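Let's practise reading a two-part chain step by step. Have a look at the model below before you start.

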Amino acid sequence: YIIPVPVIKHFISGVEENGKYIGFCSLGLSCQTTENVHLRNHFSMRSDMTGVLVSKINPLSNAYKVFKKDDIILSFDGVPIANDGTVPFRNRERITFDHLVSMKKPNEKAIVRVLRDGQEHELSIILQTIQPLVPVHQFDKLPSYYIFAGLVFVPLTQPYLHEYGEDWYNTSPRRLCERALRELPKKANQQLVILSQVLMDDINAGYERLAELQVLKVNGTEIDNLRHLSQLVESCNTEFLRLDLDDDRVIVLNYGMAKVATSKILKRHRIPSSMSVDLPDTE
């Protein structure tokens with residue numbers, strides 16, 4: 001595994017300027033190649049035009065204010081983008097145009113030429129680092145977790161999926177893998193929270209088959225992240241606690257009995273706290 005020298009230099013430069021690693025810049029776009037002639041004709045691309053089709057835009061990115069779905073990106077900082085999404089690299093090699101974006105520094109401006117509704121436009125955008133919905137790396141950070149009634153909740157990360165081995169793309173739960181690689185955040189600080197495992201106890205009998213599913217709601221309220229889930233659970237004031245999961249699955253617990261069981265389960269497994277240190281102490 002070889003890391004190109006320009007990437008290393010860019011990384012070191014970023015750390016020196018910011019005092020820490022803040023990531024590489026991204027446009028916040030998902031693009032489709034335009035190698036099919038019918039597709040190009042549909043979007044009024046002339047024979048001398050090449051570029052890629054904008055299919056998704058991250059709503060938290062600057063691109064959301066600049067680009068529109070179905071724009072054709074023709075060039076980045078004056079460098080033409082081929083129909084397969086590549087740009088010239090070295091000698092006769094080519095590389096995806098994302099490389100040009102990632103080599104920019106945060107808050108640096110880029111000029112992007114697009115074809116929109118048959119008309120060419122030159123757009124200016126301030127580039128920034130964008131945190132994906134599912135983090136790719138977790139450096140120098142302890143894992144986040146929340147345990148209630150033996151149900152272990154964690155935010156989905158790519159390192160979590162990597163625990164399925166070198167072939168994690170094929171061996172990890174397909175739905176989680178697809179969301180990790182493709183889904184975009186809809187709001188700031190959003191996380192995909194999953195039920196990672198069940199610490200067996202009478203209180204959670206029958207729910208062990210629901211591990212690896214995403215948690216969607218707590219007592220009817222959609223959750224934003226793990227902290228939000230823990231707050232909703234800890235502040236429950238009804239007899240029963242209901243958790244709505246992916247695949248239309250439901251978990252229901254008697255809240256009072258579940259609180260008592262939580263303490264016993266933590267003691268049995270020698271777990272000092274029901275939540276990680278990054279979550280507020282709501283107990």
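Here are three short exercises with worked solutions.

This is a predicted model, where local features need pLDDT of at least 70, side-chain atom pairs count only at pLDDT 80 or more, and totals for chains, interfaces and linings use all residues. Residues are numbered from 1 along each chain as its sequence is written, and side-chain values use heavy atoms, with hydrogens and water left out.

**Exercise 1.** Find the domains and say how far apart their centres lie.

Step 1: the chain splits into domain 1 (5–127) and domain 2 (146–269); such bounds come from an automatic or database domain assignment. Step 2: going by C-alpha atoms, the two centres are 36 Å apart.

**Exercise 2.** Work out how much area the two domains bury and which residues of domain 1 supply most of it.

Step 1: together, domain 1 and domain 2 bury about 400 Å². Buried area is the accessible area (1.4 Å probe) that two parts lose on being put together, summed over both. Step 2: carbon and sulfur atoms hold 72% of that area. Step 3: on the domain 1 side, Lys 56, Asn 58 and Leu 60 supply 77% of what this domain buries against domain 2, more than any other three residues.

**Exercise 3.** Count the salt bridges across the interface.

Step 1: recall the rule, a side-chain nitrogen of Lys or Arg within 4 Å of a carboxyl oxygen of Asp or Glu. Step 2: apply it between domain 1 and domain 2, and you get 0 salt bridges.
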